[in-house]
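Hi everyone, thanks for making time for this. I'd like to walk you through one model this morning, starting in the middle and working outwards. Let me put it on the screen.

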Amino acid sequence: MAQADSKKDLHADQDPNKINLGIGAYRDNDGKPWILPVVKKVKQNLLTDPTLNHEYLAIDGLRTFTDASAKMILGADSRAIKEKRFLGVQQISGTGAVLKKGATVYISDPTWGNHFQIFGDAGFTVKTYKYWNPATLYYCLKTADSGSIFVLHACAHNPTGVDPTQEQWKQIAAIIKEKNHFPFFDCAYQGFASGSLDKDAWAVRYFVDAGFEIFVAQSYSKNFGIYSERCGCLTVVTSTEQQAINVRSQLCRLNRASISNPPAYGARIVNAEDNLRTMANRIIKMREETVRHLTDLKTPGNWSHITSQIGMFSYTGLTVAQVKVIKEKFHVYMTDNGRISMAGLNENNVRRFAEAVDYVVRN
Ligand code: PLP
């Protein structure tokens, strides 16, 4: 309710200098949505390509796109790809509800809010695992019923902006193996954490190399900036080639029933190439600028988490009361838990944002 009110307030707020840090979408340095140059170029090519039409795609989507998606997350030289132990099925972006109903799914606490609805509505029992503290995360993994599904953010965890270290991922994988859990990766920000697609795929590739069967829900909303095109892929790694064939056929049945046929436009765009570094670098710069201004203002507290966190979001640590004041007094909007979208900051508003934080922290 509070969240809905906050959105209403944001839209009603006429202040020309209001700052919206609640939105999970990239903004350029002028605070405007950005169409990636590569997307612009591909759109032009699509307009003039005489071979394209508006026929239905296959039920599992555009095969060149789903194969490219598998390569992007698993690595072009992945053994699973060489051994044909993988498949990709196009999805309506985000996390597709495509697993066995009735199973228990564990999602992180905190997580992207929609995980609750997606898995709940799909008939899963949804439970949470503690995320912040590795010790309690391991404890949750160990005490969950064997064979549970664990939803893991592949990189740039939303909302915390804190990812496990490689050592911690190894530990997580070891417990998942021991408990026979099933790893389901949600990968909505590949390229956003480090600017490198390969680095951001480290955890997924580690699991595949360690012999796991996995599901990876890949979204292209953020890293290609094509939010409304609903472009995503469910990439699955199996143990054998035959299993990959069987799983593809099952997922086609599910796709047929839930979406009938996947949309083509976004998949054709992603088919082209990537253009992520600009976005990742601007976000990293805004993290540095925020801390620089807070240091300059001698704002009480330690703000180093802003630069150590990664991805699009940052937990400021501001309280609900401070979030309320910063909204009412400074027209700065963020979620009630103090999470900000770094993409909402730019060279023109970062100082004002720091001053607003400085005020609420001191008062
Ligand atoms: N998963 C996570 C963790 C997200 O943060 C998001 C978007 O905010 C998504 C999935 C899915 O986004 P979309 O459905 O636009 O691809």
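Let's begin with a strand pair: β5 and β6, residues 182–187, run parallel to each other and are joined by five bridges. If you want one pair of residues to fix your eyes on, take Leu152, whose bridge partner in β6 is Phe185. Before I go on, please keep in mind that this is a predicted model.

Now let's widen the view. In what order do the strands of the open sheet come? There are seven of them, arranged as β2-β8-β7-β6-β5-β3-β4, and the pairing is mixed. At the edges you find β2, residues 86–92, and β4, residues 125–130, each of which pairs on one side only. Going from one strand to the next, the twist averages 25°.

Next, the loops, and I'll stay with β5 for a moment. Between β5, residues 149–153, and α7, residues 166–178, there is a loop that holds Pro159. The peptide bond leading into Pro159 from Asn158 is cis, and its omega is near 15°. That loop between β5 and α7 is also the place of Ala156. Ala156 is not a glycine, yet its phi is positive, near 50°. Is Ala156 buried or exposed? It has 27 other C-beta atoms within 10 Å, and a residue counts as buried at 20 or more, so Ala156 is buried.

There is another cis bond to show you, and this one joins Asp109 and Pro110, with omega at about 5°. Pro110 sits in the loop between β3, residues 104–109, and α5, residues 114–121.

And there is another positive phi to look at: Arg230, again a residue other than glycine, has a value near 55°. You'll find Arg230 in the loop that runs between β7, residues 214–219, and β8, residues 231–237. Arg230 is buried too, with 20 other C-beta atoms within 10 Å.

Let's turn to the helices, and to how they pack. As a reminder, a packed pair is described by the angle between the two axes and by the distance between them.

I'll take α7 with α9 to start. Helix α9 covers residues 202–209, and it packs on α7 at an angle of about 40°, with the axes 10 Å apart. How should we describe that arrangement? At this angle α7 and α9 are oblique to each other, and their crossing is right-handed. Which residues make the contact? From α7 we have Gln166, Trp169 and Ala173, and they meet Trp202, Ala203, Tyr206 and Phe207 of α9. Sorted by class, the residues of this contact are six nonpolar, one polar and no charged.

Now α7 with α6, which spans residues 134–143: here the axes come within 9 Å and cross at roughly 15°. Angles under 35 degrees count as roughly parallel, so that is the description for α6 and α7. The crossing of α6 and α7 is right-handed. On the α6 side the contact involves Pro134, Tyr138, Leu141 and Lys142, and on the α7 side Gln168, Gln171, Ile172, Ile175 and Ile176. By class, this contact has six nonpolar, two polar and one charged residues.

I have two more residues to point out, each in a helix. Ala244 belongs to α10, residues 241–258. It counts as buried, because it has 20 C-beta neighbours inside 10 Å. Who does Ala244 touch, leaving aside residues up to four places away in sequence? The answer is Lys84, Arg85, Phe86, Leu87 and Thr238. From Ala244 to Phe182 there are 62 residues along the chain, and their C-alpha atoms are separated by 16 Å.

Then there is Glu289, in helix α12, residues 277–296. Glu289 counts as buried as well, with 20 C-beta neighbours inside 10 Å. Its C-alpha atom is separated by 37 Å from that of Phe215, and these two residues are 74 apart along the chain.

To close, let me go back to where we started. If you rotate the model yourselves, find the parallel pair β5 and β6, then follow the loop between β5 and α7 past Ala156 and Pro159. From α7 you can look across to α9 and to α6. Thanks for listening, and I'm happy to take questions.

Methods. Residues numbered from 1 in each chain as written. Predicted model: local features only at pLDDT ≥ 70, side-chain atom pairs only at ≥ 80, totals over all residues. Helix = DSSP H or I, 4+ residues; strand = E, 2+ residues; numbered from the N terminus. Buried ≥ 20, exposed ≤ 12 C-beta atoms within 10 Å, placed from the backbone. Pairing = 2+ DSSP bridges. Axes fitted to C-alpha atoms, helices over the stretch in contact; angles between N-to-C directions. Parallel < 35°, antiparallel > 145°, perpendicular 65-115°, else oblique. Left-handed = near helix turned anticlockwise from the far one by under 90°. Contact = placed C-beta atoms within 7 Å. Nonpolar A, V, L, I, M, F, W, Y, C, P; charged D, E, K, R; others polar.
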